[in-house]
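Biologist: Here is a protein I would like to understand. Can you take me through the terms used for it?

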Amino acid sequence: MRYLILLLTLLTTAARADDAKPFNPADYPPGVQQALRYANEECDSQDGSLVTFAPDTVRKIDLTGDGREDYIVDFRDTKCGERETTYCGTGGCVMNVLVTLPDGSVRPVFDGYVRGYKILPPAMKRGAARTIRFDLHGSYCGGFGAQACRKEKAITATPFAFKQP
């Protein structure tokens, strides 16, 4: 009986893996598609071939607290042909944050290199903007590359960038 249950579990898991939908940029609004086109343009400029997006390249989440889905586009696991480092360097990987406006259009509010990020727990106040903790190149905190540098930013419809001192 245990073997039958194990076999059914394995078959179910394999079926789910086969049903996994491949990443399709057309599944996203035009503003997000424009951010994704960057990957193709960058790959073409480096004489690359086919761009392969990871299934989690785009993350949908309400960041501004207005009830609309916003988007994080993270090129960390995107490949240009066989090259895995086209979109990453010592400063991290290319990342975009895009927010959805009341009219349904999508506005980019951040475009830069990050080593990592964490969306902090929401504030207790309903409708409050979410804060993202960005792990950046050490030079953004007055140091050098290997030093830790963290900056936090509440996400609104206002574009922002991190500046080196």
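Modeller: What follows is a set of short questions and answers on this predicted model.

Biologist: What makes up the fold, in helices and strands?

Modeller: The protein has 2 helices and 10 strands. Along the sequence the pattern is α-α-β-β-β-β-β-β-β-β-β-β.

Biologist: What share of the residues is called buried, and why?

Modeller: The share is 35% of the 165 residues. They are called buried because their relative accessible area is under 20%.

Biologist: How much area does the protein expose, and what share comes from carbon and sulfur atoms?

Modeller: The protein exposes about 10300 Å². Carbon and sulfur atoms supply 54% of that area.

Biologist: How do you know which residues line the largest pocket?

Modeller: A lining residue has an atom within 4 Å of a pocket point. Residues that line the largest pocket include Gly31, Tyr38, Phe75, Leu98 and Asp111. The space in this pocket is about 170 Å³.

Biologist: Which element gives the most to that lining?

Modeller: That is α2, with 4 residues. It spans 30-45. β6 (92-100) and β7 (106-114) each supply at least two residues as well.

Biologist: Why is Tyr38 counted as nonpolar, but Gly31 as polar?

Modeller: The classes are set by residue type, so Tyr falls among the nonpolar residues and Gly among the polar ones. Asp counts as charged, and Asp111 is in the lining. In total, the lining has 7 nonpolar, 3 polar and 1 charged residues.

Biologist: What share of the contacts between residues at least 6 apart in sequence joins residues at least 24 apart?

Modeller: That share is 47%. A pair counts as a contact because heavy atoms lie within 4.5 Å.

Note on methods
Residues numbered from 1 in each chain as written. Predicted model: local features only at pLDDT ≥ 70, side-chain atom pairs only at ≥ 80, totals over all residues. Heavy atoms only, no water. Buried < 20%, exposed > 50% of the residue type's maximum accessible area, 1.4 Å probe, protein only. Areas by Shrake-Rupley, 256 points an atom, 1.4 Å probe, with all protein chains shown as cover. 1 Å grid on protein atoms, 1.4 Å probe; cavity = no way out; pocket = protein on both sides within 12 Å on 5 of 7 lines; lining within 4 Å. Points joined across faces, edges and corners; volume = space filled by probe spheres on them.
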